[in-house]
Amino acid sequence: SACLVGSEMCIRDSSGTKRFSELRRAIDGVSERMLTKTLQELEADGMLIRKSYNTVPPQVDYTLTEFGTEASNKMFDLVDWLETNLPEILDTVKKH
């Protein structure tokens, strides 16, 4: 699965590799331009490896690096925690 949080993206998949089209389908509402920009930034930051194949149509795969995997796991943990605790957080905010 994948998620886009601000300008960061996290990918978690058993195979560790995703095609661009798979990522785009997995992230609701992301434009092709925004996904491309985010993937370029994550590649530049050493979070993923981009592999391009000389095929028609073009095929590009993305694989998380060790740092990317660690960051992705931490982001998923945060998202899970927020989903679990958001109702209580919102209730607390309403009381103040």
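The legends below describe close-up views of one predicted protein model. Local features are reported at pLDDT of at least 70 and side-chain atom pairs at pLDDT 80 or more, whereas totals for chains, interfaces and linings use all residues. Residues are numbered from 1 along each chain as its sequence is written, and side-chain values use heavy atoms, with hydrogens and water left out.

**View 1. The whole protein chain, with three helices and five strands.** Read along the sequence, the elements follow the pattern β-β-β-α-α-β-β-α; helices (H or I, at least four residues) and strands (E, at least two residues) are DSSP runs, numbered from the N terminus. Of the 96 residues of the protein chain, 25% count as buried, where buried means under 20% relative accessible area, exposed over 50%, and partly exposed in between, with a 1.4 Å probe and protein chains only. The accessible surface comes to about 7,000 Å², of which 53% belongs to carbon and sulfur atoms; the areas come from the Shrake-Rupley method with a 1.4 Å probe, and for residues only the protein chains shown count as cover. Among the contacts with a separation of 6 or more, residues 24 or more positions apart account for 44%, a contact being heavy atoms within 4.5 Å.

**View 2. The open sheet of three strands, in the order E3-E5-E4.** The pairing in this sheet is antiparallel, and the edge strands, E3 (17-19) and E4, each pair on one side only. Neighbouring strands are turned by 25° against each other on average, direction ignored; the axes are lines fitted to C-alpha atoms, for helices over the stretch in contact, and angles run from 0 to 180 degrees between N-to-C directions. Two strands are taken to pair if DSSP finds at least two bridges between them. E3 and E5 pair over three bridges, and Lys18 stands opposite Tyr62 in E5.

**View 3. The hairpin of E4 and E5, with five residues between the two strands.** Six bridges join E4 (residues 48-53) to E5 (residues 59-64), and the two strands run antiparallel. Towards the loop, the bridge partner of Tyr53 is Gln59, while that of Ser52 is Val60. Pro57 has its place in the loop between E4 and E5, and the peptide bond leading from Val56 to Pro57 is cis, with omega near -5°.

**View 4. Leu48 and Thr63, residues of E4 and E5 that touch each other.** Leu48 is buried, with a relative accessible area of 4%, whereas Thr63, at 27% relative accessibility, counts as partly exposed. Not counting residues up to four places away in sequence, Leu48 touches Leu39, Leu42, Glu43, Tyr62, Thr63, Leu64 and Thr65. The C-alpha atoms of Leu48 and Leu64 are separated by 4.2 Å, although these residues lie 16 residues apart along the chain. With the same sequence neighbours left out, Thr63 touches Gly16, Thr17, Met47, Leu48 and Ile49. The C-alpha atoms of Thr63 and Arg19, 44 residues apart along the chain, are separated by 9.0 Å.

**View 5. Helix H3 (residues 66-95), with a kink at Asn85.** H3 has 30 residues and reaches 42 Å from its first C-alpha to its last, close to the 44 Å expected at 1.5 Å a residue; the expected span is 1.5 Å times one less than the number of residues. The kink is about 55° and lies shortly before the proline Pro87, the bend at a residue being the angle between axes fitted to the seven residues ending there and the seven starting there. The buried residues of H3 are Gly68, Ser72, Phe76 and Asn85. In an α-helix there are 3.6 residues a turn, so residues three or four places apart point the same way.
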